[in-house]
Amino acid sequence: MAQFWKPGTEKPRLLEDEEGGVLFLSAAASTSSGYGYASIEKQRQRLPVHKYRTAILYLVETHATTIIVGETGSGKTTQIPQYLKEAGWAEGGRVIACTQPRRLAVQAVASRVAEEMGVKLGEEVGYTIRFEDLTNPAVTMIKFLTDGVLLREMMDDPLLTKYSVIMVDEAHERSISTDVLLGLLKKIQKRRPELRLIISSATIEAKSMSAFFQTSKRRQSLETREPGLSMEPAILSVEGRGYNVQIYYVEEAVSDYVRAVVSTVLSIHDEEPPGDILVFLTGQDDIDAAVQLISEEARASGKNSSGAKDIALLCSLQQIAWTCPKTVRSSTSLCTNIYIAWLIVLPLYSGLSRSEQDLVFSPTPRGKRKVVISTNIAETSLTLEISDIENLVVAPISKASARQRAGRAGRVRPGKCYRLYTEEYFAKEMSDEGIPEMQRSNLVSCVIQLKALGIDNILGFDWPASPAPEAMIRALEVLYSLGVLDDDAKLTSPVGFQVAEIPLDPMIAKMILSSNQLGCLDEIITIAAILSIQSIWVSARGAQKELDEAKLRFAAAEGDHVTFLNVYKGFLQSGKSSQWCHRNFVNYQAMKKVIDIREQLRRVALRLGLVIKSCEGDMQANVVSCFVDFLDQRNDPQVHFNLLLQNMLLSSVVRKAVTAGFFANASRLEAYSHNGMYKTVRGSQEAYIHPSSVLFRFRPIFAISVVLGRN
DNA sequence: ACTCTTCCA
């Protein structure tokens with residue numbers, strides 16, 4: 001029975017899938033009716049991946065490893081797990097797994113697939129991410145999870161026996177956990193030939209991926225136990241949705257890219273036909289600023305058409321000239337909108353709560369335009385491992401990721417991509433591909449995970465991308481000095497195994513274990529929870545002075561860690577009030593996360609048999625006033641030192657526990673240094689106290705820091 | 001040498 005959209009009712013709409021699949025929603029958003037289901041079926045069949053259904057199932061049947069080269073928009077992520085299930089790979093209690101590098105993608109894809117299958121999320125289709133397990137072991141057949149979660153699962157079940165097929169999605173992103181996972185899966189495959197792997201990857205990476213899963217001929221004959229099963233990886237290419245994306249470059253480099261983003265968004269909004277806008281920026285601060293600026297400008301120009309703001313806006317819009325190299329710029333059929341209420345500006349970054357992130361995926365109301373300002377993939381951060389301190393430098397993205405981003409504009413129809421750099425910059429300055437994370441970052445966590453899985457010969461491990469030997473040795477040194485590894489580079493018992501069990505950076509894990517012995521675990525898990533989120537303070541654009549003053553209310557002479565404790569205590573005493581947070585420049589969302597993570601850590605601690613004990617009695621309540629006195633006399637070094645010593649006694653166990661984890665970062669103020677330069681005790685590496693620290697103006701003689709400045 | 005960065009367990 002056919003149904004048609006009636007004019008005057010809300011139009012049915014197409015939703016863009018995270019991976020390019022398209023979901024059909026009826027106006028009533030009901031998918032239980034036969035009509036809704038049939039439409040979903042039809043939509044599924046229209047995806048490019050659909051005509052490869054038989055081929056994919058055949059390859060998976062006959063090859064241990066299948067590499068799917070899928071352009072964005074092919075629908076592989078949502079469809080392949082369903083094909084596998086339909087073909088019987090989830091029968092007999094087996095589970096089909098599909099990993100993603102990001103939590104948000106896991107949630108989005110899982111709910112999409114559940115919807116397509118017409119089942120309740122958490123039953124036949126479920127997902128697992130940290131803090132959230134929406135699966136039912138008795139009935140879940142398709143399980144989406146982050147690759148980090150799958151790595152954790154290997155600690156309990158090293159051969160991942162419950163899975164029949166594991167699809168590693170977005171493998172071309174080459175995140176550390178994806179790379180480690182691939183290395184381990186290759187090992188598992190030798191023991192479990194019946195396990196099928198599907199690696200989904202972008203074009204450029206497919207060859208090296210295939211080479212990695214190639215087994216040598218000699219071994220192959222020994223290991224193939226299943227007749228008709230090839231250990232040679234198969235490669236299948238699925239084209240994406242072929243919509244054109246027009247690319248524009250700025251004619252001249254922009255100086256202030258946040259401002260350039262604002263102008264560009266507003267001019268797109270003014271000149272282009274309906275369609276949503278996706279913006280990539282580096283980080284939370286820039287995103288918040290851009291969201292605010294766009295909203296302000298839009299409001300100002302809508303409400304007050306003759307105001308000075310309007311003129312300012314027009315000026316800024318005119319500053320950007322675009323060039324479009326290969327296509328002719330279409331200038332006709334532009335409709336002119338009035339901005340104001342028709343623009344919905346939404347930020348997107350991990351620090352947001354789930355409900356805030358969900359807004360991004362909710363359908364755009366008719367007649368409105370959604371602008372999503374998002375992090376990551378935006379301008380990838382580069383981690384340089386210099387001695388024991390992790391340094392992050394913002395580096396330009398690669399051409400590959402620039403192309404991938406442009407592809408996002410062409411999912412459901414032709415799109416446009418405005419690049420805020422010149423064409424020349426793209427051609428000459430940007431590298432073709434990013435460097436795998438494995439080759440540029442801190443390997444401490446990664447090494448300990450492998451050790452915990454019983455991989456003793458870390459240096460001989462078969463990596464998809466070999467890490468730098470120096471970085472590896474550095475990681476082993478740190479773990480050895482933490483007492484996690486013994487002379488033979490084996491995990492120590494119990495400390496090593498316990499540290500591996502705690503889902504945190506090993507230095508933080510060690511801090512937690514030490515606090516157990518010192519009797520201040522209660523305080524330390526609070527500190528650990530706060531250290532694992534971005535920042536507990538609100539972003540301070542334009543209100544730096546107020547923020548600094550607010551910080552002083554909590555600042556402890558002992559430094560940031562004890563300051564965190566004061567904030568946490570105040571938050572609890574306020575009854576977890578959002579108003580309290582607002583008054584004190586504390587980020588309410590961040591504090592809610594802290595409560596969550598802290599609870600998780602408390603459970604981990606109890607499981608490890610630790611005792612949650614507080615050292616409340618040891619601490620004095622008046623650290624705040626103490627700090628203020630100290631500031632007033634900050635020109636007298638002797639007073640500094642005396643006070644520091646005195647304050648050390650106030651919460652010596654907390655400080656001891658922190659030190660037990662972070663001693664490798666201990667630094668000493670350089671004598672005669674007038675700019676506050678420190679050098680690490682171990683490596684004599686230059687360091688500075690970060691200006692956001694309460695100790696920034698303090699300049700204590702010794703500092704134990706989690707993040708030191710870069711040189 | 002008065003400022004910030006993403007993701008994941």
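Tyrosine 249 and phenylalanine 426 are both buried in this predicted model. Their ring centres lie 5.9 Å apart and their planes meet at 50°, so the pair counts as tilted. Tyrosine 249 belongs to strand E11 (residues 245-250) and phenylalanine 426 to helix H14 (residues 423-428), so the contact ties together parts that are 177 residues apart in sequence. Phenylalanine 426 also has a charged neighbour: arginine 419 lies over the face of its ring, at 4.7 Å from the ring centre. A similar arrangement can be found at phenylalanine 212, where lysine 186 lies over the face of the ring, at 4.6 Å from the centre.

The structure has eight aromatic pairs by the rule used here. Another of them is formed by phenylalanine 571 and tyrosine 588, with 6.3 Å from centre to centre and 65° between the planes, an edge-to-face pair. Phenylalanine 571 sits in helix H21 (residues 560-573) and tyrosine 588 in helix H23 (residues 588-607), 17 residues apart. How buried or exposed are the two partners? Phenylalanine 571 has a relative accessible area of 1%, so it is buried. Tyrosine 588 has 26% and is therefore partly exposed, since the class of buried residues ends at 20%. Both residues are members of a cluster linked by ring pairs, which also includes Trp537, Phe554 and Trp580.

Next comes helix H15 (residues 444-452). Seven of its nine residues are buried, and these are Val444, Cys446, Val447, Ile448, Gln449, Leu450 and Lys451. What covers them? The cover includes helix H5 (147-156), helix H6 (176-191), helix H16 (469-481), helix H17 (495-501) and helix H18 (506-518). After H15 comes glycine 454, which has a positive phi, near 85°.

Helix H5 appears again at the DNA. There are 29 residues around DNA strand B, and Arg103, Gly283, Gln284, Ser350 and Gln544 come nearest. Of the strand's atoms that come within 4 Å of the protein, 54% belong to sugar and phosphate. Phosphate oxygens take part in two polar contacts of 2.8 Å: one with a polar backbone atom of arginine 130, and one with an N or O atom in the side chain of threonine 146. A base nitrogen of strand B lies 3.4 Å from a backbone N or O atom of proline 503. H5 and strand E17 (389-394) are the elements that give two or more residues to this surface, and H5 has the largest share, with three. Sorted by class, the surface near DNA strand B has 10 nonpolar, 13 polar and six charged residues.

Key: Residues are numbered from 1 along each chain as its sequence is written. Chains are lettered from A and ligands numbered from 1 in the order in which they are written. This is a predicted model: local features need pLDDT of at least 70, side-chain atom pairs count only at pLDDT 80 or more; totals for chains, interfaces and linings use all residues. Side-chain values use heavy atoms; hydrogens and water are left out. Buried means under 20% relative accessible area, exposed over 50%, partly exposed in between (1.4 Å probe, protein chains only). Helices (H or I, at least four residues) and strands (E, at least two) are DSSP runs, numbered from the N terminus. Contact means heavy atoms within 4.5 Å. A residue is near a molecule or strand if one of its heavy atoms lies within 4 Å of it. A polar contact is a pair of N or O atoms within 3.5 Å; within protein, one must be able to donate a hydrogen and the other to accept it, and residues adjacent in sequence count only if both atoms are side-chain atoms. Ala, Val, Leu, Ile, Met, Phe, Trp, Tyr, Cys and Pro count as nonpolar, Asp, Glu, Lys and Arg as charged, and the others, Gly among them, as polar. Rings of Phe, Tyr and Trp (its six-membered ring) pair if their centres lie within 6.5 Å; planes under 30 degrees apart count as stacked, over 60 as edge-to-face and the rest as tilted. A charge sits over a ring if NZ of Lys or CZ of Arg is within 6 Å of the ring centre and within 35 degrees of the ring normal.
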